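Student: I have a new structure to look at, and I keep tripping over the labels people use. Could you walk me through why each label is given?

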Amino acid sequence: MLFEPIEIAGLHIPNRFVRSATHEWLAGEDGTPTPAIGDMYEELAKYDVGLIISGYSYVNPAGKSSQRQQGIYDDRFIGPYRQITERVHKYGSKIALQIVHGGRQALVTPEYPQTLAPSAVKDSSSGITPQAMTKEHIQQTIEDFAQAVRRAQAAGFDAAQLHIAHGFLLSSFISPYTNQRNDEWGGSVENRTHIIVDIIRRAREMVGWDFPIMAKMNATDGFGDRGLDAPECVDVAAALESAGVCAIEVSGGIFEAGEVMSRPGINSPEKEAYFREYARMIKQGVSIPVILVGGLRSRAVMEEMLASGCADMVSLCRPLIREPDLVVKFREGVQEAECTSCNGCFDEGGVRCNF
Ligand SMILES: Cc1cc2nc3c(=O)[nH]c(=O)nc-3n(C[C@H](O)[C@H](O)[C@H](O)COP(=O)(O)O)c2cc1C
């Protein structure tokens with residue numbers, strides 16, 4: 001099944017392999033994407049990755065959360081991104097732009113001294129308490145995300161992916177731990193997903209209905225039912241589907257929860273696919289394609305995830321940093337990725353395998 005094509009809202013993807021969004025630390029200081037990022041994506045396309053998802057791109061300078069992160073907050077980025085998408089489209093791969101606002105995990109700078117979040121819940125990993133967003137902040141954020149979707153389409157991306165995972169702004173809206181509002185933006189699942197519904201509605205006014213908008217969502221914050229977790233994540237996924245999201249990548253973890261997102265030491269089939277049960281539940285609750293990420297290392301487990309109804313696609317981050325040609329190797333009979341999940345690839349000098 002791994003090498004069978006799939007359609008996401010009419011978008012033809014030649015196989016089931018996704019390059020999960022990976023921050024490369026390769027953009028300019030102001031977020032301008034560089035040819036070095038294009039080199040990476042072109043290599044993945046050359047080696048048959050079906051769907052490439054970009055590193056997370058911030059929709060507003062106040063939402064930047066890492067050095068040398070890509071931006072998409074201004075029309076001046078459309079040209080440089082277009083050069084990148086054209087390089088990918090020389091091959092059969094599709095490419096999506098992941099869009100994000102850092103929220104309570106954004107960088108604190110002299111220009112942006114105050115982080116923003118649905119509620120003023122202190123981030124114990126940084127010691128910083130964000131400012132609770134006003135209604136004006138929320139309306140501005142809806143516009144920022146929608147404009148980013150428009151720019152993604154104008155730059156030749158095949159889709160956009162809303163980053164609703166890992167503790168960043170949209171993820172902090174869907175979590176009952178970080179969203180303690182009692183107005184129309186907090187409380188019930190309907191209210192916690194309200195901002196996403198409005199982003200998609202506004203984006204649709206600009207890009208129409210043919211441009212796929214996907215989501216990477218947290219199924220768990222990473223500390224049990226103190227935060228978002230099962231079974232509520234299924235209701236969140238269903239609400240995203242109703243809002244018009246056309247594929248869901250299932251992930252987990254916020255900064256405060258430690259190494260939940262990119263779990264280290266994946267060295268046996270049992271440790272692989274560590275969000276598999278969340279994906280299985282979500283897949284039963286939605287009818288759009290579900291993409292599983294997190295610790296997928298062996299071809300057999302990937303096949304099993306598709307065959308057993310956990311997911312429709314498999315998404316890889318660290319293995320493709322080490323072996324950008326892994327999809328081709330799998331097709332030629334290799335059974336295991338070389339990645340040891342050491343997390344040495346979190347390299348501010350530019351993403352690379354440092355094992
Ligand atoms: C260096 C690095 C950068 C990452 N950047 C992003 C990102 O920009 N957006 C995102 O959603 N996840 C990001 N992640 C998380 C991965 O996409 C993925 O969810 C996680 O690493 C688990 O998958 P894996 O076991 O295949 O690495 C990053 C992970 C790593 C290791």
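Student: What makes the crossing of H1 and H2 right-handed or left-handed?

Tutor: It's right-handed. A crossing gets that label if the near helix is turned clockwise from the far one by less than a right angle, and left-handed if anticlockwise. Helices here are DSSP runs (H or I, at least four residues) and strands are too (E, at least two), numbered from the N terminus. One caution early on: this is a predicted model, so local features need pLDDT of at least 70 and side-chain atom pairs count only at pLDDT 80 or more, while totals for chains, interfaces and linings use all residues. Residues are numbered from 1 along each chain as its sequence is written.

Student: Why are H1 and H2 called roughly parallel?

Tutor: Two packed helices are described by the angle between their axes and the distance between the axes. Helix H1 (residues 35-46) and helix H2 (residues 78-88) pack at about 20 degrees, with axes 8 Å apart. Those axes are lines fitted to C-alpha atoms, for helices over the stretch in contact, and angles run from 0 to 180 degrees between N-to-C directions. Angles under 35 degrees count as roughly parallel, over 145 as roughly antiparallel, 65 to 115 as roughly perpendicular and the rest as oblique. So H1 and H2 are roughly parallel to each other.

Student: Which residues make that contact, and how many of each class are there?

Tutor: Ile37, Gly38, Tyr41, Glu42 and Ala45 of H1 meet Gln83, Ile84, Arg87 and Val88 of H2. Being in contact requires C-beta atoms, placed from the backbone, within 7 Å. By class there are five nonpolar, two polar and two charged residues. Nonpolar covers Ala, Val, Leu, Ile, Met, Phe, Trp, Tyr, Cys and Pro; charged covers Asp, Glu, Lys and Arg; the others, Gly among them, are polar.

Student: And what makes H3 oblique to H6?

Tutor: Helix H3 (residues 135-154) packs against helix H6 (residues 194-207) at about 40 degrees, and their axes are 8 Å apart. That angle makes H3 oblique to H6. Their crossing is right-handed. Residues in the contact include Ile138, Ile142 and Phe145 of H3, and Ile195, Ile199 and Met206 of H6. The class count is ten nonpolar, two polar and four charged.

Student: How do you know whether H7 and H8 are oblique or parallel?

Tutor: Check the angle again: helix H7 (residues 232-243) and helix H8 (residues 276-285) pack at about 45 degrees, with axes 9 Å apart. They are therefore oblique to each other. H7 passes H8 in a right-handed crossing. On the H7 side are Cys233, Val234, Ala237 and Ala238, facing Tyr278, Met281, Ile282 and Gly285 of H8. That contact has seven nonpolar residues, one polar and no charged ones.

Student: Now single residues. Why is Val293 called buried or exposed?

Tutor: Count C-beta atoms, placed from the backbone: a residue is buried with 20 or more others within 10 Å of its own, exposed with 12 or fewer, and partly exposed in between. Val293 has 27, so it's buried. Val293 sits in strand S13 (residues 290-293). Leaving aside neighbours within four places in sequence, its contacts include Ser20, Glu249, Phe275 and Cys317.

Student: What makes Asp183 buried or exposed?

Tutor: Asp183 has 11 other C-beta atoms within 10 Å, so it's exposed. You'll find Asp183 in the loop between helix H4 (169-174) and helix H5 (189-192).

Student: And why is Asn343 called partly exposed?

Tutor: With 15 other C-beta atoms within 10 Å, Asn343 falls in between, so partly exposed fits. Asn343 also has a positive phi of about 65 degrees although it is not a glycine.

Student: Which label does Ala273 get, buried or exposed?

Tutor: Buried, because Ala273 has 24 C-beta neighbours inside 10 Å. Ala273 is in the loop between strand S12 (248-252) and H8. Its phi is positive, about 50 degrees, although Ala273 is not a glycine.

Student: What makes a residue near the ligand, and which come nearest?

Tutor: Near means the C-beta atom, placed from the backbone, lies within 6 Å of the molecule or strand. There are 25 residues around the ligand, and Ser20, Ala21, Tyr56, Cys317 and Arg318 come nearest. The shell has twelve nonpolar, eleven polar and two charged residues.

Terms used. Two residues are in contact if their C-beta atoms, placed from the backbone, lie within 7 Å.
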